[in-house]
Amino acid sequence: MRVQSSATTPSTIAVDTRSPTAAGTLLAALGVVAFSLTFPATAWGLEGFGPWSLVAVRSALAALIAGSCMLALRVPVPARRHWAGLAVVAAGVVVGFPLLTTLALRTSTTAHAAVVVGLLPLTTALLSALRMGTRPSRTFWTAALAGAVAVLVFTVQQSGGALTSADLYLFAALLVCAAGYTEGGRLAGVMPGWQVIGWALVLCLPLSLPAAAVALSYEPAHLTAHSVAGLLWVAAGSQFLGLVVWYRGMAAIGIPKASQLQLAQPLLTLVWSVLLLGEHLTVAAPLTAAAVLVCIAVTQRA
């Protein structure tokens, strides 16, 4: 793997161009690893921040990082026709998903939330088919639906036969995030992926900065090593760097195929929840995560 620099991209990762599929898969997988740490990092952040202040400060910090990169590299402003799509990315990925999942994690364990979010690949593939006219094979859909059914059964069983408010937050987060991924993947085909999330973050900056000030006045922060580390990761790792490689990977291998790599995310998050948070898993959690992981191999071959 080698690193290239240009006037419009910061140290763009370029993996052997003779194998664009392998390169795209690697980049998307790196994004999944970054995302798998989001819930544990959010749980750490909630130790010192309220849910609203954590989301607002996270967005503002990520926007300042992205804006500084684009300013230093003199990245041109996107064409007017791209701003509607960037607004969808901002609403879904920058605001909607972080806020809804943070609200859910006030009462849900990271392990439970991680398995529920295992539905994100199917949701993304469905919206991609509607938005972009993609037509995956029947085998692809069968495997994706099998993974979705496993997650739904797990959710209902863990919630005592009925969905909780946390589950509703998580399902709403799936929809808005899938919309942001789909639109971001489309835009990553016409502009560098890091600029897609960068401009989406900057678009939210006029809202996130005052929102952070107001939220912190109502939810004073209590800084600890965990809360600071969690905030820094969700801002720089999950909200910016992870999305940079994720959108680039989606542009290379296509939205449906890239989205199925996220079936591995719940299993990875379960590992982090035990190692970083000391959570005790029920038998159903790793079994469900393993079941959806099997679906990855099938969807990737399809």
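Helices here are DSSP runs of H or I with at least four residues, strands are DSSP runs of E with at least two, and both are numbered from the N terminus. What you see is a predicted model, where local features need pLDDT of at least 70, side-chain atom pairs count only at pLDDT 80 or more, and totals for chains, interfaces and linings use all residues. Residues are numbered from 1 along each chain as its sequence is written, and side-chain values use heavy atoms, with hydrogens and water left out.

**View 1. The whole protein chain, with 13 helices and two strands.** The radius of gyration (taken over C-alpha atoms) is 18 Å, close to the 19 Å that the globule rule gives for 302 residues, so the chain is as compact as a globular protein of that length. That rule is 2.2 Å times the number of residues to the power 0.38. Along its principal axes, the C-alpha trace spans about 55 × 50 × 35 Å. Buried residues (under 20% relative accessible area, with exposed over 50% and partly exposed in between, using a 1.4 Å probe and protein chains only) make up 53% of the 302. Take the contacts (heavy atoms within 4.5 Å) between residues at least 6 apart in sequence: 86% of them join residues at least 24 apart.

**View 2. Helix α2, residues 38-45, inside its surroundings.** Seven of the eight residues of α2 are buried, so the helix is largely enclosed by the rest of the structure. The buried ones are T38, F39, P40, A41, T42, W44 and G45. What covers them? The cover includes α1 (20-36), α3 (51-72) and α4 (83-104), along with α5 (110-116), α10 (225-253) and α12 (265-277).

**View 3. A salt bridge within helix α8.** A salt bridge means a side-chain nitrogen of Lys or Arg within 4 Å of a carboxyl oxygen of Asp or Glu, and by this rule the count comes to one. Here the side chains of R186 and E183 meet, at 2.6 Å from N to O. Side chains of opposite charge can pair when their charged atoms come close. Both residues sit in α8 (residues 165-187), three residues apart, which is about one turn of the helix. R186 is partly exposed, at 26% relative accessibility, while E183 is buried, at 7%.

**View 4. T124 and L127 on helix α6.** T124 lies in α6 (residues 120-132), and its 0% relative accessibility makes it buried. Leaving aside neighbours within four places in sequence, T124 is in contact with A178, Y181, T182, I255 and S259. L127 is in α6 too, but this residue counts as partly exposed at 26% relative accessibility. With residues up to four places away set aside, L127 touches L175, A178, A179 and T182. How far apart in space are L127 and L170? They are 17 Å apart, C-alpha to C-alpha, and 43 residues apart in sequence.

**View 5. L270 on helix α12 and what it touches.** L270 is buried, at 3% relative accessibility. Not counting neighbours within four places in sequence, L270 is in contact with A111, V115, L281, A285, P286 and A289. A289 is 19 residues from L270 in sequence, and their C-alpha atoms are 8.4 Å apart in space.
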